[in-house]
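Here are some notes to read alongside the structure. Please keep the sequence and the 3D view open while going through the points.

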Amino acid sequence: MIYSYYDLVRDMKFFSSCGLEADSIGTTICGRKLYYVAFKSHRPTIKPPIIITAGIHSREHITSHFVVKLIKHFLEMGKTFSQKVYFFPMLNPDGIMLIKDGLNSVPKKLQPFIKSIVPNEDFSLFKANANCVDLNVNFDAKWGEGKSNLTHPHSENFIGEKPFSENETAALRNFTLQKKPSMTFSYHAKGQELYWEFGQVGKRRKEDKKLAKKINRHLNYKLIHDTKTSAGGYKDWCIERLNIPSFTIELVNDKHQHPLTDYKVVEEEFIRHIKMLEEILSE
């Protein structure tokens, strides 16, 4: 089972019919839309929004399904929050469709290039987009300095020709700068880990660490305090560029192996995330 772009298109129509703000911030190289769903604030005062993303790594399509399930839960419960909340369920639809439908999911002009990167056409562990760029190392936050970064096209870890070289990362950058969020969450899989640190110092580091511990009271994940070996992620960029708390949340117990096609492995975590988000988004 793979939650696909077609599933998301169907769900976006449903969310829109229910009165939610359901729109996109741009398109991929294959012409697929980068959708978001927004919940309004119940407070009249202007407060910066929160951005929640998923599906930036194609093999982690379980996160797209998970975030859509969160949206449906909050919709069913009639939730509003203390600030506007933007959910991005699938930031890498081209990569996810490569996993689902293979080379036939991309334009013919891209097929020889992608086949040269994945000659056996087994995309089950593919993380990148249709340009074979790993989107979560394409942000301008110590770009190219990550321990596993690659400087050539690959199924994972390729940083791209320059920061924000990809439609997906450029669109998310522009949207984030426009909305000026107070906090962001990025859903990944796997490991049941919570990342919060990217070079903060002094009072800001203490405050972000305190908030991470508060979030983790519900999740009970491994709290990661040192991320010196990573760079170029959305969380990293938000911390460095916007000076806001930003978190990467790794779903799924590490005993489960990629490819994660049985979505039941994350069911036991759902209530934890509902409680965590309800607390954070109601303050």
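What percentage of the 283 residues in the chain do buried residues make up?

1. Buried residues account for 55% of the 283 residues. Keep in mind throughout that this is a predicted model.

2. On overall build, the chain contains eight helices and eight strands. Along the principal axes, its C-alpha atoms fill a box of roughly 50 × 45 × 40 Å. The radius of gyration is 18 Å, which agrees with the value near 19 Å for a compact globule of 283 residues.

3. On contacts along the sequence, consider pairs of residues at least 6 apart in the chain. Of these contacts, 79% join residues that are at least 24 apart.

4. On the first helix pair, helix α1 covers residues 5–17 and packs against α2 at an angle of about 15°, with the two axes 12 Å apart. Angles under 35 degrees count as roughly parallel, so α1 is roughly parallel to α2. The crossing of α1 past α2 is left-handed.

5. Which residues make this contact? From α1 they are Leu8, Asp11, Phe14 and Phe15, and from α2 they are Val68, Ile71, Lys72 and Leu75. Sorted by type, the residues of the contact of α1 with α2 are six nonpolar, no polar and two charged.

6. On the second helix pair, α2 (residues 62–76) also meets helix α8 (residues 270–280); their axes come within 11 Å and cross at roughly 60°. That angle makes α2 oblique to α8. In passing α8, α2 makes a right-handed crossing.

7. The α2 side of this second contact consists of Phe66, Lys69, Leu70, His73 and Phe74, while the α8 side consists of Phe270, His273, Ile274, Leu277 and Glu278. By type, the residues of the contact of α2 with α8 are six nonpolar, two polar and two charged.

8. On a single loop residue, Gln257 lies in the loop between β8 (246–251) and α8. Is Gln257 buried or exposed? Its relative accessible area is 54%, and the cut-off for exposed is over 50%, so Gln257 is exposed.

9. How far apart are Gln257 and Gly191 in sequence and in space? In sequence, Gln257 and Gly191 are 66 residues apart; in space, their C-alpha atoms are 10.0 Å apart.

Methods
Residues are numbered from 1 along each chain as its sequence is written. This is a predicted model: local features need pLDDT of at least 70, side-chain atom pairs count only at pLDDT 80 or more; totals for chains, interfaces and linings use all residues. Side-chain values use heavy atoms; hydrogens and water are left out. Axes are lines fitted to C-alpha atoms, for helices over the stretch in contact, and angles run from 0 to 180 degrees between N-to-C directions. Helices (H or I, at least four residues) and strands (E, at least two) are DSSP runs, numbered from the N terminus. Angles under 35 degrees count as roughly parallel, over 145 as roughly antiparallel, 65 to 115 as roughly perpendicular and the rest as oblique. A crossing is left-handed if the near helix is turned anticlockwise from the far one by less than a right angle, and right-handed if clockwise. Contact means heavy atoms within 4.5 Å. Ala, Val, Leu, Ile, Met, Phe, Trp, Tyr, Cys and Pro count as nonpolar, Asp, Glu, Lys and Arg as charged, and the others, Gly among them, as polar. Buried means under 20% relative accessible area, exposed over 50%, partly exposed in between (1.4 Å probe, protein chains only). The radius of gyration is taken over C-alpha atoms; the globule rule is 2.2 Å times the number of residues to the power 0.38.
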